[in-house]
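This report describes selected features of one protein chain for a reader who has not met it before. Please keep the sequence and the structure in view while reading.

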Amino acid sequence: MSVFLHGTYIIAGLALTSISIASGFSTNHIDRNHLPWSSYSALYSDDSQPFEEDFYPLSDNVYPHFDRREWIEEFCPLSGNVYPHIDRREWIKNQVLASSAIILGKLHNANAEEGNKDGTKISNKVPQNKAVIVLGANGGTGRECVSAILAAGRPCVATTRSGKFEYDEGTFSNEDAKSSPLLRSNQNIQEGQADVTKLESLLSLVDQNGNKNIGAMIFAASASVKGKDKGVNDAFAVDYQGVINAAQCCIQRNIPRLVIVSSGAVTRPNSPVYKLLNFVGSGIMEAKIQGEDAVRDLYHDNAVMDRGLGYTIVRPGGLTPGESLGPAFLEVNQGDDKSGRLSRADVAGICVASLDVASAFDATFECYELNTAKPVENVGLSNVLRLIDPTSYKSGREGTGETWDALLGGLKSDFV
């Protein structure tokens, strides 16, 4: 972001703040963490401090040649003459709140790209020399994430509940084993032990590895279909409380990025695929969306934003085995109205690539193979039948590209 635009946002923010103060209404009771998702008209409910006409921007004190009452009556679209049921002073206050919400999001993105208020440089790309913690490293997607991290030349802390990572020795032929990054001899792999359902366990993991040495955490853990114990490793313990614990750990220990592997169709409870997965997973879809929402709330805090900490939420379609096809065969989308299927290896590739793509910072998006794309309402049957018949439906929020940068480069932040 250019210095000019950054300066423009700051000036605009100061101007709105000045208007707010001059208008005589307090914003202390407003929860700024939720401004983009809330109705700003409902947020301001305290009428104890009137809107002071003496300090209205077009008052006689500032522009003596203006008759402010005449100006309001003739030009204000919500004046009493046109919409008598609307209080124009409330309308003006609400416009200030709405504009402030937009500018807070713009400033957050500008700070993430340019630097902190104290001049400290912030980058929303994770440094290459920083280790990446993978939670759920022995799972199908977790192992692929470990492999993708190592292939990218990054050090990895392969973390499991037991603390024992399952290396590839003995599972391949000698020739294949030579090319596998998941070997005990790989000096970029370090084993880690943590229980995601316990915040103190995650904090201990980070402390043991030195929080300054950690650049990111990938949450690839999920409740297992078999062997669930309620409150221990069920969906709400892992996919809800677990992701909250991971977010709190990253925030408390200043880990620059948290990447969460969630699920496509997670916001579509009436879709067949949601109902099926939620039933089979004993509430797993409910747990995932509640976990997502909690993470967004935790990160949409001015103090967290100013420290340059962020997250990426990846919502894959149906997971398949096999090798990565690569970015040219994939599509991303925002809005959770399309899905499909893709390999766990491609999900891992996206998770790791997001650490290097600025637009993936504080973003939530879906991903799937382009030729399997379907509206969420009928993607379940398409995945079961392994159809290769992409939908003609366009959401207008899709992204494709020959490289990871191009594929993810058009993502929009959740806070703008």
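## Strand β11

In this predicted model, β11 is mostly covered, with 7 of its 7 residues buried. The cover extends to both faces of the strand: A363, F365, C367 and E369 lie on one side, T364, E366 and Y368 on the other, and all are buried.

Strand β11 has a pairing partner in β6, to which it runs parallel over 5 bridges. Within this pair, R315 has E366 of β11 as its bridge partner. Strand β11, residues 363-369, also pairs with β8, here in the antiparallel sense and over 4 bridges. In this second pairing, E331 is the bridge partner of Y368 in β11, and N333 stands opposite E366 of β11.

## The sheet as a whole

How are the strands of the open sheet ordered? The sheet has 8 strands in the order β3-β2-β1-β4-β5-β6-β11-β8, and its pairing is mixed. The edges are formed by β3 (189-193) and β8 (330-333), each of which pairs on one side only. From one strand to the next, the twist averages 25 degrees.

## Strand β5

Like the strand described above, β5 is mostly covered: 5 of its 5 residues are buried. R257, V259 and V261 are buried on one side of β5, and L258 and I260 are buried on the other, which leaves both faces covered.

Strands β4 and β5 run parallel and are joined by 4 bridges. I218 has V259 of β5 as its bridge partner. Strands β5 and β6 also run parallel, and 5 bridges join them. In this pairing R257 stands opposite G310 of β6.

## Helices on the sheet

Helix α8, residues 235-252, lies across three strands, namely β1 (131-135), β4 (214-219) and β5 (257-261). The direction of α8 is at about 175 degrees to β4. Helix α10, residues 284-299, packs on the sheet as well and touches β5, β6 (310-316) and β11. The direction of α10 makes about 160 degrees with that of β6.

Helix α7, residues 199-209, has as its buried residues L199, S201, L202, L203, L205, V206 and N209. These buried residues pack against β1, β2 (156-160), β3, β4 and α8. Just after α7 comes G210, which takes a positive phi of about 80 degrees.

## The pair α5 and α12

Two packed helices are described by the angle between their axes and the distance between the axes. For helix α5 (residues 140-151) and helix α12 (residues 344-353), the angle is about 50 degrees and the axes are 8 Å apart. The two helices are therefore oblique to each other, since an angle of about 50 degrees falls neither under 35 degrees nor in the range of 65 to 115 degrees. The crossing of α5 and α12 is right-handed. On the α5 side, the residues that meet the partner helix are G140, T141, E144, C145, A148 and I149. Their counterparts in α12 are R344, A345, V347, A348, G349, C351 and V352.

Helix α5 also contains S147. Is S147 buried or exposed? Its relative accessible area is 19%, and a residue counts as buried under 20%, so S147 is buried. Leaving aside residues up to four places away in sequence, S147 touches P181 and L182.

## D414 and its contacts

D414 lies in the segment after α14 (404-408). With a relative accessible area of 17%, D414 is under the 20% limit and is therefore buried.

With which side chains does the side chain of D414 make polar contacts? One contact, of 2.5 Å, is with the side chain of Y311. Another, of 2.7 Å, joins the side chain of D414 to that of T364. T364 is among the buried residues of β11, and Y311 falls within the range 310-316 of β6. D414 and T312 are 102 residues apart along the chain, and their C-alpha atoms are separated by 9.8 Å.

Notes: Residues are numbered from 1 along each chain as its sequence is written. This is a predicted model: local features need pLDDT of at least 70, side-chain atom pairs count only at pLDDT 80 or more; totals for chains, interfaces and linings use all residues. Side-chain values use heavy atoms; hydrogens and water are left out. Buried means under 20% relative accessible area, exposed over 50%, partly exposed in between (1.4 Å probe, protein chains only). A polar contact is a pair of N or O atoms within 3.5 Å; within protein, one must be able to donate a hydrogen and the other to accept it, and residues adjacent in sequence count only if both atoms are side-chain atoms. Two strands pair if DSSP finds at least two bridges between them. Axes are lines fitted to C-alpha atoms, for helices over the stretch in contact, and angles run from 0 to 180 degrees between N-to-C directions. Contact means heavy atoms within 4.5 Å. Angles under 35 degrees count as roughly parallel, over 145 as roughly antiparallel, 65 to 115 as roughly perpendicular and the rest as oblique. A crossing is left-handed if the near helix is turned anticlockwise from the far one by less than a right angle, and right-handed if clockwise.
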